Amino acid sequence: MGSLRLLCRYFAASLRAQAQYPGTTLLTATGAFAVTFIDLFAIAALFARFGRVQGWRFGEVALFYGLVSISFAIADFVSRGFDILGTEFIRTGDFDRVLLRPRSAALQLIGYDFRLRCLGRFGQGVVVTAIGTAALRFHWDLGALAIATFAVIGGVALFCGLLVLQATLSFWTVESLEVANVLTYGGVQAAQFPLSLYAPWFRGFLIFVVPLGCVAYFPVVALLGRHDPLGAPDWFLPLSPVFGLVFLAFALWVWGFGVRRYTSTGT
Amino acid sequence: MIEGFGPYLAAFAARFQVMLQYRAAAFAGFVTQCWWGAIKITIYAAFFADAVRWRSPMTLSQAITYTWLAQAFFILTPWAGDPEVAAKVRTGAVGYDRLRPLDAYGWWYTNSAAWMTARAVPRAALMFGLTAVIFPLVGLRAWSWRPPADAEACALFAISVLLAVLLSSSVVMLINLCVASTLTDRGVNNLLPPLVIVLSGNLLPLPLFPDWARTALFLQPFAGVVDIPVRIYFGGLAGPLAWTGLGLQLFWTVILIAAGRFWMGSVMGRLQVQGG
């Protein structure tokens with residue numbers, strides 16, 4: 001069976017499992033939608049009080065936030081297996097079984113669980129993007145759509161990379177490190193505001209270490225047809241999401257190293 | 001019923017000691033709260049520095065102190081039920097609790113209060129150490145957790161935090177009862193957090209919300225969990241307003257405990273114990 005067909009099987013199984021509990025699935029998705037929406041509430045309140053910040057308006061920040069949310073929702077949807085690798089696979093010794101099957105471990109972890117609750121955050125991202133579009137009276141032409149799509153692809157790759165790195169760490173720590181949430185959930189939080197608001201060292205971190213700025217800030221600046229107030233050249237802005245893919249490639253390389261070093265906790 | 005508070009104090013102390021053991025969780029929580037706090041105060045600084053319309057009800061240093069305090073006491077915000085109660089309901093161990101010669105509400109209440117306080121103490125201490133002691137020493141005074149407005153504010157703050165714990169525990173009890181009556185902690189634990197995080201002031205200091213919402217935000221029960229103690233601390237609520245704040249905390253605590261006791265009676269009356 002091809003890898004793609006196998007993934008489809010995993011996907012269908014996951015959907016059937018969640019369809020057994022329609023109420024729970026609906027509630028958790030609604031909860032995720034509401035939880036992620038409240039951030040926008042705070043942003044709106046701040047803009048209502050202060051007007052604008054460094055020339056940025058509410059609509060622009062909504063676009064940053066909407067795109068990052070969409071990226072993170074998709075990444076969360078496909079990489080749940082990596083997220084809980086420590087508690088569900090390594091500590092229990094179940095990862096041995098994963099390694100014994102004639103498929104790559106990464107593929108099996110992707111197929112482990114497709115949680116429909118991620119639809120909540122995805123929906124929120126779409127709504128926030130729509131709100132930003134309406135607030136700015138922004139017109140989506142083909143170029144803008146292409147940039148946004150590339151930004152989302154880069155963003156998904158970046159967040160998947162972060163989750164893969166978090167999973168790799170658990171080969172050594174034998175538990176899921178919640179501190180890594182600082183970079184995933186906290187990354188969404190950080191990337192929803194324009195980078196120019198941050199202190200230079202933090203900005204540098206978000207560009208050169210964990211390139212969140214490259215999948216949210218730079219492409220949205222390009223989308224808006226503005227010049228980067230931080231001084232990045234115009235040609236770089238729409239191409240910057242490629243660093244999300246580079247980050248994922250790096251994460252998978254480290255992952256391979258971790259898998260080779262894996263020692264089972266079982267007997 | 002056994003007279004006196006002895007059994008409840010013992011339950012509180014026991015649960016408190018157990019929860020203090022989770023040092024790694026406390027440290028992880030602390031790091032997360034620091035990150036979130038740092039992002040928030042950077043954003044506030046940008047808004048305050050560059051505001052086109054300057055009409056803020058609080059200064060930047062007050063907003064920063066507010067943020068660190070809210071982050072330090074984040075775990076006191078009642079956004080989830082006591083996992084032990086959920087486990088008891090799921091396994092049927094709730095039946096043992098029904099056999100104890102104690103007031104069932106008081107038993108769960110003290111347990112939940114201990115569960116929250118014990119997790120809050122190490123996190124708050126770490127946060128205080130970093131942002132109130134180390135920050136000023138390394139030249140980050142502008143970003144630090146400032147001392148209270150005056151001695152009176154400090155004393156009232158202590159009372160207010162105590163009331164906040166009592167209030168928060170009474171909300172947790174309502175969540176526990178919701179879990180006990182629906183037999184699952186999934187639903188309520190998913191829907192409540194957004195509401196509580198906004199209304200308590202944890203997301204954004206309540207005074208920064210639009211002015212028309214100010215009175216309503218002050219009067220609602222969740223303000224007593226974070227907003228009222230913190231504003232008493234930095235002098236945002238002083239004199240009669242501070243006492244009004246304390247009164248509101250007490251009022252909501254009494255109301256919610258009464259509601260919880262009443263609900264407990266009906267939930268326990270038709271409780272189905274799971275398990276064989």
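**A first chat about chains A and B**

Me: Where does B:Gly265 sit?
Reply: B:Gly265 lies in helix 11 of chain B, residues 240–269. Helices here are DSSP runs of H or I with at least four residues, numbered from the N terminus. This is a predicted model, where local features need pLDDT of at least 70, side-chain atom pairs count only at pLDDT 80 or more, and totals for chains, interfaces and linings use all residues. Residues are numbered from 1 along each chain as its sequence is written, with chains lettered from A and ligands numbered from 1 in the order in which they are written.

Me: Is B:Gly265 buried or exposed?
Reply: B:Gly265 is exposed, because 11 other C-beta atoms lie within 10 Å. The cut-offs are 12 or fewer for exposed and 20 or more for buried, with partly exposed in between, using C-beta atoms placed from the backbone.

Me: New topic: how many residues does each chain bring to the contact?
Reply: Chain B brings 28 residues and chain A brings 29 residues. Two residues are in contact if their C-beta atoms, placed from the backbone, lie within 7 Å.

Me: Which helix of chain B gives the largest share?
Reply: That is helix 2 of chain B, with 10 residues.

Me: And what about helix 2 of chain A, how many residues has it?
Reply: Helix 2 of chain A has 29 residues, 22–50, and reaches 43 Å from its first C-alpha to its last. That is close to the expected 42 Å, which is 1.5 Å times one less than the number of residues. Its buried residues include A:Leu27, A:Asp39 and A:Phe50.

Me: What comes just after helix 2 of chain A?
Reply: A:Gly51, with a positive phi of about 85°.

How values were computed:
Helix = DSSP H or I, 4+ residues; strand = E, 2+ residues; numbered from the N terminus.
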